[in-house]
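These are my notes on a structure I had not opened before. I kept the entries short and in the order I looked things up.

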Amino acid sequence: MKRSSPQNNKAKGQQKKLKLLATFTDVAEAANFFNAKHLSATPKLTNLERYGDHGALKADRFANVSANMTLNEFLSQFLQEKIYHLNRPKVLIITQSALRACDMHRSIATLQCPSFKLFAKHMKLKEQIEMLKVKSLAVAIGTPNRLLKLSEKNSLDFKQTLLVVIDMHKDKKNYDVLSMPAVAQDFFKLFREFLLETNAKFVLW
């Protein structure tokens, strides 16, 4: 029997990452799931505090995804215009951990667009703030806490963001970004204060 070389195994692993498929392809189901997770994470808030005058998220806030479409195929639809801006990502990918952000960053490398990893273990907050002042980006990939801090410092602006990808990867304890207690709190605060008012579409991946 022919044994795979480490290089071949590595290539297969990277290819597998590129084949990430969406968690939900039905937008109504995605909206209901998201709203239920928001309610679960913020039981003391009223719906007015969760969504303002918008009310709970409806299906039209979620992007349609074709079955078996890969993440890169999906993202490429939102990155066709090769004009990039300082601190204004066209696509935002939110992950539960720094390690997962690195995995996602490697997975989208073939898109060949400027993308930044934004989490605490990668660079200091001040360094990321300075970087975002001078480097244009198409895709921002990060954890809720760091994305929230950068947004509060006005170092990230989502007014031109077209798509927010919520990475639903589960850790060893079966938590994802919408269910891990501390992470979910930061995520939904980021959502309420900086993402809800945008025109971006959401997708649960």
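**Entry 1: the largest cavity.** I sorted the residues that line the largest cavity by type and got seven nonpolar, one polar and one charged. The model is a predicted one, and a search through the whole of it turned up one cavity of 30 Å³ or more. The space in this largest cavity comes to about 40 Å³. I wrote down its lining as Phe 24, Thr 25, Asp 26, Val 27, Ala 30, Phe 62, Ala 63, Val 203 and Leu 204. Helix 2 and strand 7 are the elements that give two or more residues to that lining.

**Entry 2: the largest pocket.** I then looked up the largest pocket, which holds about 160 Å³ of space. Which residues line the largest pocket? I found Ser 151, Asn 154, Leu 156, Asp 157, Phe 158, Lys 159, Phe 194, Glu 197 and Thr 198. By type, this lining splits into three nonpolar, three polar and three charged residues.

**Entry 3: the whole chain.** I stepped back to the overall counts. The protein has eight helices and seven strands. Of its 205 residues, 47% are buried. I also checked the contacts between residues at least 6 apart in sequence: 76% of them join residues at least 24 apart.

**Entry 4: the nonpolar cores.** The largest nonpolar core contains 41 residues, and Ile 166 and Phe 191 have the most contacts inside it. I listed the elements that each give two or more residues to this core: helix 2 (27-41), strand 2 (91-94), strand 3 (115-118), helix 6 (125-134), helix 7 (144-152), strand 6 (163-166), helix 8 (181-195) and strand 7 (201-204). Helix 8 supplies the largest share, seven residues.

I followed Ile 166 further. Leaving out residues up to four places away in sequence, Ile 166 touches Phe 34, Ile 94, Val 177, Leu 178, Phe 187, Phe 202, Val 203, Leu 204 and Trp 205. A second core, separate from this one, has 26 residues, among them Ala 22, Val 139, Leu 163 and Val 165.

**Entry 5: Leu 150.** I picked Leu 150, which belongs to helix 7. Is Leu 150 buried or exposed? Leu 150 counts as buried because its relative accessible area is 0%, and the cut-off for buried is under 20%. Outside its neighbours up to four places away in sequence, I found Leu 150 touching Leu 118, Leu 125, Gln 128, Ile 129, Leu 132, Ser 155 and Leu 156. Leu 156 also appears in the lining of the largest pocket. The C-alpha atom of Leu 150 is 9.3 Å from that of Lys 126, although 24 residues separate the two along the chain.

**Entry 6: Asp 167 and helix 5.** Asp 167 sits in the loop between strand 6 and helix 8. With a relative accessible area of 2%, Asp 167 is buried. What does Asp 167 contact beyond its neighbours within four places in sequence? I noted Ile 94, Thr 95, Arg 100, Met 104, Val 177 and Trp 205. A polar atom of the Asp 167 side chain lies 3.4 Å from the backbone nitrogen of His 169.

Two of those contacts, Arg 100 and Met 104, led me to helix 5 (residues 98-107), where seven of ten residues are buried. The buried ones are Ala 98, Arg 100, Ala 101, Cys 102, Asp 103, Met 104 and Ser 107.

**Entry 7: positive phi.** Most residues other than glycine have a negative phi. I looked at two asparagines with a positive value. Asn 87 has a phi near 55° and lies in the loop between strand 1 (85-86) and strand 2. Asn 87 is buried, at 17% relative accessible area. Asn 174 has a phi near 70° and is in the loop between strand 6 and helix 8.

**Entry 8: Glu 49.** My last stop was Glu 49, in helix 3 (residues 47-51). Glu 49 counts as partly exposed because its relative accessibility is 44%. Apart from neighbours within four places in sequence, Glu 49 is in contact with Lys 44 and Arg 192. Glu 49 and Arg 192 are 143 residues apart in sequence, yet their C-alpha atoms are 8.4 Å apart. I also noted that a polar atom of the Glu 49 side chain lies 2.7 Å from the backbone nitrogen of Thr 46.

Note on methods:
Residues numbered from 1 in each chain as written. Predicted model: local features only at pLDDT ≥ 70, side-chain atom pairs only at ≥ 80, totals over all residues. Heavy atoms only, no water. 1 Å grid on protein atoms, 1.4 Å probe; cavity = no way out; pocket = protein on both sides within 12 Å on 5 of 7 lines; lining within 4 Å. Points joined across faces, edges and corners; volume = space filled by probe spheres on them. Nonpolar A, V, L, I, M, F, W, Y, C, P; charged D, E, K, R; others polar. Core = buried A, V, L, I, M, F, W, Y, C linked by side-chain atoms within 4.5 Å. Buried < 20%, exposed > 50% of the residue type's maximum accessible area, 1.4 Å probe, protein only. Helix = DSSP H or I, 4+ residues; strand = E, 2+ residues; numbered from the N terminus. Contact = heavy atoms within 4.5 Å. Polar contact = N/O pair within 3.5 Å; in protein donor to acceptor, adjacent residues only side chain to side chain.
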